[in-house]
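Here is an informal walk through one protein model, from its helices and cores to a pocket and a few odd backbone spots. Have the structure open while you read.

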Amino acid sequence: MTETAIMDAGAPQPHVMVLPFPAQGHVIPLMELSHRLADYGFKIDFVNTEFNHGRILKSMQNKGGIPEGIHMLSIPDGMDPADDHTDIGKLVGGLPAAMLSPLEEIIKTKKIKWVIADVSMSWALKLTNTVGVRIALFLTYSASVFALRMKLPKLIEDGIIDERNVKMHKMIQLSPPIDSTEIPWVSLGSTAERRRVNIRNVINTNQLMGLADVVICNTFREVETEALALLPDALPIGPLVAPVSKLTGNFWSEDQTCLTWLDKQAPGTVIYVAFGSSTVFDATRFQELADGLVLSGRPFLWVVRPNFTKEIKEEWFNQFKQRVAGKGLVVTWAPQQRVLSHRAVACFMTHCGWNSTMEGVLHGVPFLCCPYFSDQFCNQSYVCNVWKTGLKLCANEQGVVTKEEIKDKVVQLLGAEDIKERAIMWKNKACASIGEGGSSHQNLLKLVKLLQEG
């Protein structure tokens with residue numbers, strides 16, 4: 001099948017709704033997929049919550065506007081204006097009640113035949129029965145974590161977890177093997193009741209999975225061979241990447257000046273530090289990280305978004321930035337894929353969100369892993385134990401990664417030629433997969449053909 005063979009200039013423009021979970025690491029890959037589909041002539045309705053819709057529009061002021069073919073829509077998330085709209089535990093419970101009815105109206109009014117729904121919005125599968133739409137389920141985490149998700153009822157039956165906590169310390173034999181204490185949904189929620197709601201929601205929506213016409217994964221065949229063998233009908237189409245000049249769905253404006261700063265650094269010297277959109281550090285962890293970066297003796301680019309920590313005094317942080325000026329650069333948000341592809345970057349210190357993990361793999365950058373919650377521990381296991389393209393930053397008994405640990409692991413990682421070689425090997429495999437004729441490219445063409453059938 002060739003690209004030209006599936007593009008019929010005389011056919012009506014196919015119309016697809018895209019529905020991400022309202023978190024940064026979910027919006028970005030689905031926006032990247034939307035760009036690809038728009039390139040094939042699809043009309044996209046991209047649906048955000050009202051809160052995130054405003055953030056994205058504000059952040060894209062320097063991006064030249066909304067790209068042709070993508071229509072941005074918004075729906076309330078069901079939370080009060082004064083609530084913390086970034087509180088995932090609160091969000092999860094209220095989204096179906098707040099969004100299902102408006103989604104039904106949009107689908108009926110616009111005669112939409114297909115919805116690409118984030119797996120974390122899998123309650124949207126109910127739309128197949130209410131408005132007759134077809135659903136493509138998009139995995140914003142690894143195929144391995146999806147396989148683990150489908151095993152949750154069995155894990156409860158076996159007494160490994162209940163609906164609130166881990167009951168038995170055990171290695172779960174998937175690829176990669178996963179410690180029961182690191183099951184993603186057990187770490188989501190600050191209270192036992194929040195965790196119960198999350199796990200019950202996963203179990204309930206698991207029963208709807210059969211309503212999906214297709215499952216799409218932001219991964220590629222070679223990097224998750226064993227996990228994808230458990231999902232034989234899934235279409236891995238990753239790693240997804242957005243065009244540099246187009247809307248990426250960022251919640252914060254990208255600081256482009258960091259690219260000029262990187263241009264001035266020697267090749268393979270800079271530590272890039274970014275912990276995604278949800279990680280929060282207390283004062284001790286934050287200061288140890290700051291001191292560790294200085295102690296490493298390497299130039300560093302550190303992304304510190306506005307809500308990364310609430311415990312550091314502004315005066316101290318300003319003094320720190322002045323102290324490291326010339327050696328280190330701190331920005332609010334960075335154009336991550338352009339940073340990771342820059343010749344100056346030596347390694348990526350990351351929370352191991354799946355989106356960041358795939359971006360690091362695609363650009364052949366070794367990892368320093370410091371997961372925060374959810375699937376990030378599973379992703380760290382992939383990086384350190386399966387692909388062997390990075391090292392784990394180990395916390396002390398108080399749960400703090402010390403400055404000495406940071407310095408030591410930086411030295412160890414950047415001296416490990418075998419890790420660098422494997423990172424380049426996986427980069428080559430990733431690039432081949434999305435290139436002409438690659439496995440992910442072929443699967444994308446299959447998806448396009450399926451969506452065009454209506």
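Helices (H or I, at least four residues) and strands (E, at least two) are DSSP runs, numbered from the N terminus. By that count, Ala430 sits in helix α16 (residues 417-434). Before going on, some bookkeeping: this is a predicted model, in which local features need pLDDT of at least 70 and side-chain atom pairs count only at pLDDT 80 or more, while totals for chains, interfaces and linings use all residues. Residues are numbered from 1 along each chain as its sequence is written, and side-chain values use heavy atoms, with hydrogens and water left out.

Back to Ala430. Is it buried or exposed? "Buried" means under 20% relative accessible area, "exposed" over 50% and "partly exposed" in between (1.4 Å probe, protein chains only). Ala430 is buried because its relative accessible area is 0%. Leaving aside neighbours within four places in sequence, Ala430 is in contact (heavy atoms within 4.5 Å) with Phe220, Pro239, Val361 and Leu362. Pro366, 64 residues away along the chain, has its C-alpha 14 Å from that of Ala430.

One of those partners, Pro239, is worth a stop of its own. A cis peptide bond joins Gly238 to Pro239, with omega at about 0 degrees, and Pro239 lies in the loop between β9 (235-236) and α9 (257-263). There is a cis bond between Ser175 and Pro176 too, again with omega at about 0 degrees. Pro176 is in the loop between β6 (171-172) and β7 (178-179). Most residues other than glycine have a negative phi, and most peptide bonds are trans.

Phi has its own odd cases. Cys352 is not a glycine, yet its phi is positive, at about 70 degrees. You'll find Cys352 in the loop between β13 (345-350) and α13 (354-362), where it counts as buried because its relative accessible area is 0%. Lys388 is another non-glycine with a positive phi, near 55 degrees; look for Lys388 in the loop between α14 (376-387) and β15 (390-392). Lys388 counts as partly exposed because its relative accessibility is 43%.

A glycine does something similar just after α17, where Gly454 takes a positive phi of about 70 degrees. Helix α17 itself (residues 439-453) has 15 residues and reaches 22 Å from its first C-alpha to its last, close to the expected 21 Å. That expected span is 1.5 Å times one less than the number of residues in the helix. The buried residues of α17 include Leu444, Leu445, Leu447, Val448, Leu450 and Leu451, but also Ser440, His441 and Asn443.

Now for the interior. In soluble globular proteins, nonpolar side chains tend to be buried together. A nonpolar core here is a set of buried Ala, Val, Leu, Ile, Met, Phe, Trp, Tyr and Cys residues joined through side-chain atoms within 4.5 Å. Of the 127 residues in the largest one, Leu33, Ile116, Trp185 and Tyr272 touch the most other members. Helix α3 (residues 88-110) gives the most to this core, with nine residues. Apart from it lies another core, of 32 residues, among them Phe281, Phe317, Val324 and Ala346.

What does Trp185 touch, leaving aside its neighbours within four places in sequence? The list is Tyr141, Val145, Leu148, Arg149, Leu152, Ile199 and Val202. Ile199 and Val202 are among the buried residues of α7, as are Arg195 and Asn198. Helix α7 (residues 192-206) has 15 residues and reaches 21 Å, close to the 21 Å expected.

Phe317 leads to Val330, which touches it along with Trp302, Val304, Phe320 and Lys321, not counting residues up to four places away in sequence. Val330 is in strand β12 (residues 328-331) and counts as buried because its relative accessibility is 17%.

Last comes the second largest pocket, with about 800 Å³ of space. On a 1 Å grid over the protein atoms alone, a cavity is a set of points where a 1.4 Å probe fits but cannot get out, and a pocket is an open set with protein on both sides within 12 Å along at least five of seven lines; lining residues have an atom within 4 Å of a point. Grid points are joined across faces, edges and corners, and a volume is the space filled by probe spheres set on the points. Of the 31 lining residues, Thr86, Ser278, Val280, Tyr372 and Phe373 are the closest to the centre of this pocket. Two elements, α3 and α7, give two or more residues to the lining.
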